Amino acid sequence: MGKRIWLAAGCLFWVACGDWKMDSAALTARSAAPATGMGCTACHAYPPLDSNHLYHLNRGIEDKRINGAITCLDCHNQSLAWREEVLNDTFYHDPDPASRFPGNYSTVDFPVTGAGNPPPLLIRGWHLDSVIVRRQRHPLPQPGRATAPGGLIEYMTGLAHLNDSVDVVFDPNVTDTARFQGAHAEFNPREETCSAVACHQDAVPYRFVSKAKGLPGSKE
Ligand code: HEC
Ligand code: HEC
């Protein structure tokens with residue numbers, strides 16, 4: 001039996017180990033409210049604290065062609081539950097022939113965030129060019145859980161979670177199939193390298209070194 005399963009089993013029986021907010025009163029209570037989800041920090045840091053995880057999760061870059069902001073789902077696609085979000089991306093054409101920045105402008109790139117933001121309102125007055133439907137995958141937040149440091153929510157887990165192996169399976173949106181001629185994004189655990197990943201636009205090589213493979217607190 002692998003070390004990780006012992007770890008998890010240890011957590012199940014050792015009450016002080018984690019944040020298991022389940023008492024008998026909650027199980028028998030009559031309520032229409034969804035039950036509070038489980039705490040993620042009982043067995044491993046959430047989010048993991050090694051520099052590779054923090055670097056990716058804190059980039060704060062929204063990529064509409066992938067899944068918006070980076071979450072665990074982008075790299076651990078089978079370990080979280082998710083739903084598909086459909087996003088309409090509407091393009092308007094700048095009518096000014098003398099414009100310094102001619103071309104089409106996307107409403108997803110320029111959202112209307114409230115009164116007094118002129119460029120988003122301005123482009124919506126131009127000629128409609130086209131509408132593209134984008135499909136993103138978003139993990140499902142657990143009910144009743146606080147937001148973890150860095151803005152991450154404690155998400156619902158999926159079938160590959162807790163199967164005694166660290167599953168790195170990229171979300172299909174993470175592959176740019178045109179750029180990589182049909183190849184799919186993959187992680188090589190021996191080399192600790194990623195290939196055909198759409199997000200890495202620059203040619204700089206990057207190693208996702210697993211610092212611990214021992215889970216709790218896994219800090220660099
Ligand atoms: C950019 C891709 C990426 C993202 C985003 C990501 N991970 Fe990982 N994760 C990895 C890779 C790669 C490994 C290393 C696997 C290995 O070395 O075998 C890993 C390993 C892990 C491990 C095992 C730790 C260890 O010491 O080996 C845990 C637990 C984990 N991830 C949880 C998460 C959680 C929770 C999130 C979201 C809060 C997340 N990951 C987001 C890529 C990612
Ligand atoms: C009972 C202990 C335990 C709890 C609680 C726990 N995890 Fe994990 N988690 C693990 C173990 C062990 C692994 C290592 C790989 C495996 O066994 O699947 C892991 C790995 C992961 C990974 C990396 C991908 C994978 O499946 O290998 C992600 C993502 C993850 N956990 C998310 C979460 C989230 C989100 C929560 C809170 C809802 C959570 N975990 C709560 C034990 C736990």
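This briefing covers the nonpolar core and some backbone features of the structure above. The model is predicted. Its largest nonpolar core has 11 residues, and one of them, Leu 73, is described together with its contacts. Three loop residues follow: Pro 47, which comes after a cis peptide bond, and Leu 162 and Gln 181, which have positive phi values.

**Nonpolar core**
- The largest nonpolar core consists of 11 residues.
- Its cysteines are Cys 72, Cys 75 and Cys 194, and its aromatic members are Tyr 155 and Phe 170.
- The other members are Ile 66, Leu 73, Leu 80, Val 174, Ala 185 and Val 197.

**Contacts of Leu 73**
- Leaving aside residues up to four places away in sequence, Leu 73 touches Asn 67, Leu 80, Trp 82, Arg 137, Pro 139 and Asp 171.
- Of these contacts, Leu 80 is also listed in the largest nonpolar core.

**A cis peptide bond**
- The bond joining Tyr 46 to Pro 47 is cis, and its omega is near -5°.
- Pro 47 lies in the loop between helix H2 (24–28) and helix H3 (51–57).

**Positive phi values in the loop between E3 and E4**
- Leu 162 is not a glycine, yet its phi is positive, at about 60°.
- Leu 162 sits in the loop that runs between strand E3 (127–139) and strand E4 (186–188).
- Leu 162 counts as exposed because it has 12 C-beta neighbours inside 10 Å, and the cut-off for exposed is 12 or fewer.
- Gln 181, also a residue other than glycine, has a positive phi near 45°.
- Gln 181 is found in the loop between E3 and E4.
- With 8 other C-beta atoms within 10 Å, Gln 181 is therefore exposed.

Key:
Residues numbered from 1 in each chain as written. Chains lettered and ligands numbered in written order. Predicted model: local features only at pLDDT ≥ 70, side-chain atom pairs only at ≥ 80, totals over all residues. Core = buried A, V, L, I, M, F, W, Y, C linked by C-beta atoms within 7 Å. Buried ≥ 20, exposed ≤ 12 C-beta atoms within 10 Å, placed from the backbone. Contact = placed C-beta atoms within 7 Å. Helix = DSSP H or I, 4+ residues; strand = E, 2+ residues; numbered from the N terminus.
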